[in-house]
Amino acid sequence: MYFCLLIHGYNVNTKTVKQTIEIPSIAIKVQERIRWSDLDAAGILYFGNYIRLFEIGETELFRAAGHPYSNKQFDELGIWMLRVQFNCTFLSSGYIDDLLSIYVWISHIGGASMDIQFVICRDSTMLGHGICTIVSTDRQTKKAKRIPESLRNGLNPFIFNHGIQ
């Protein structure tokens, strides 16, 4: 079941490509306003701040999974969660005081890594969407380490692997 289906088209080498973004009902939704410090010289949401917005959603995803981000939490799990890849497609501009909805869910979870999808909307306008790959690593060796079962079990309700097709 989906509570939102957003479609946009864009031009790639004179060929129109349709892309469907499905926001599943299990997605975490967080709202955040654009602040002065989020703007660039043109008065629009600075592209680097999409990472900040994604991080807000990611933090709430882990909180909903019963694992709020804290040093104590990761000490207990014996891991670090390192971001190894971040991709974002920018579609529309955001402006000062816009109320944004940040939707976040897991599109893939493997042994030591996971892909977290996000969509950022203002009302019914999608400003951007993307994906971040996070790897669980041993705190001492920094080598990939299986995601602990307690964390995996907490995240399971938020896995939907049909996000961007």
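This report walks through a predicted model of one protein chain, from its overall layout down to a single arginine.

## The big picture

Let's start with the parts list. The chain contains three helices and seven strands. Reading from the N terminus, the order of these elements is β-β-β-α-α-β-β-β-β-α.

Of the 165 residues in the chain, 47% are buried. Contacts also reach a long way along the sequence: among those with a separation of 6 or more, 65% link residues 24 or more positions apart.

## How far to trust it

Across the chain, the mean pLDDT is 87, and 85% of the residues score 70 or more. Confidence peaks in strand 3 (residues 28-33), where the mean is 98, and bottoms out in strand 1 (residues 2-12), where the mean is 40. For residues 1-17 the pLDDT stays below 50, although in the model this stretch makes 40 contacts beyond near neighbours in sequence. As a rule, predicted coordinates should not be read in detail where pLDDT is low.

## The sheet

Now for the sheet. It is an open one, built from five strands in the order 3-5-6-7-4, with antiparallel pairing. Strand 3 and strand 4 (79-90) take the edge positions with a single partner strand each, so each has one side without a neighbour in the sheet. From one strand to the next, the twist averages 25°. In general, the strands of a sheet pair through backbone hydrogen bonds.

Helix 1 (residues 49-64) lies across strand 3, strand 4, strand 5, strand 6 and strand 7 (125-138). Against strand 3, the helix runs at about 140°.

## Following the pairs

Strand 5 (residues 99-109) and strand 6 (residues 113-122) are antiparallel partners over nine bridges, and a hairpin of three residues connects them. Two of the matched positions are easy to look up: I106 has I116 as its bridge partner in strand 6, while I109 has M114.

Strand 6 also pairs with strand 7, again in the antiparallel sense, this time over ten bridges. V119 is bridged to H129 in strand 7, and C121 stands opposite M126. The hairpin of strand 6 and strand 7 has two residues between the strands, and D123 takes a positive phi near 55° there.

Further along, strand 7 meets strand 4: the two run antiparallel and are joined by eleven bridges. Here R83 sits opposite I134 of strand 7.

How much of strand 6 and strand 7 is covered? In strand 6, nine of the ten residues are buried, so this strand is largely enclosed by the rest of the structure. Strand 7 is mostly covered too, with eleven of its 14 residues buried.

## What packs inside

The largest nonpolar core has 32 residues. Which of them have the most contacts inside it? They are L61, M81, M114, I116, I120, L151 and L155. Two or more residues come from each of these elements: strand 3, helix 1, helix 2 (71-77), strand 4, strand 5, strand 6, strand 7 and helix 3.

L61 is a handy place to look at this packing. Setting aside neighbours within four places in sequence, L61 contacts I28, V104, I106, I116, L155 and F158. So I116 turns up twice, as a contact of L61 and as the bridge partner of I106. There is also a second, separate core of nine residues, which includes I23, Y103, W105 and F160.

## A buried arginine

To finish, zoom in on R152, which lies in helix 3 (residues 149-155). Is R152 buried or exposed? Its relative accessibility is 9%, and because buried means under 20%, R152 counts as buried.

What does the side chain of R152 reach? One of its polar atoms lies 3.0 Å from the backbone oxygen of G110, and the side chain reaches the backbone oxygen of G111 at 2.9 Å. Not counting residues up to four places away in sequence, R152 touches I109, G110, G111, R146 and I147. One of these, I109, is the residue bridged to M114 in strand 6.

Technical notes:
Residues are numbered from 1 along each chain as its sequence is written. This is a predicted model: local features need pLDDT of at least 70, side-chain atom pairs count only at pLDDT 80 or more; totals for chains, interfaces and linings use all residues. Side-chain values use heavy atoms; hydrogens and water are left out. Helices (H or I, at least four residues) and strands (E, at least two) are DSSP runs, numbered from the N terminus. Buried means under 20% relative accessible area, exposed over 50%, partly exposed in between (1.4 Å probe, protein chains only). A polar contact is a pair of N or O atoms within 3.5 Å; within protein, one must be able to donate a hydrogen and the other to accept it, and residues adjacent in sequence count only if both atoms are side-chain atoms. Contact means heavy atoms within 4.5 Å. pLDDT is the predictor's confidence in each residue, from 0 to 100. Two strands pair if DSSP finds at least two bridges between them. Axes are lines fitted to C-alpha atoms, for helices over the stretch in contact, and angles run from 0 to 180 degrees between N-to-C directions. A nonpolar core is a set of buried Ala, Val, Leu, Ile, Met, Phe, Trp, Tyr and Cys residues joined through side-chain atoms within 4.5 Å.
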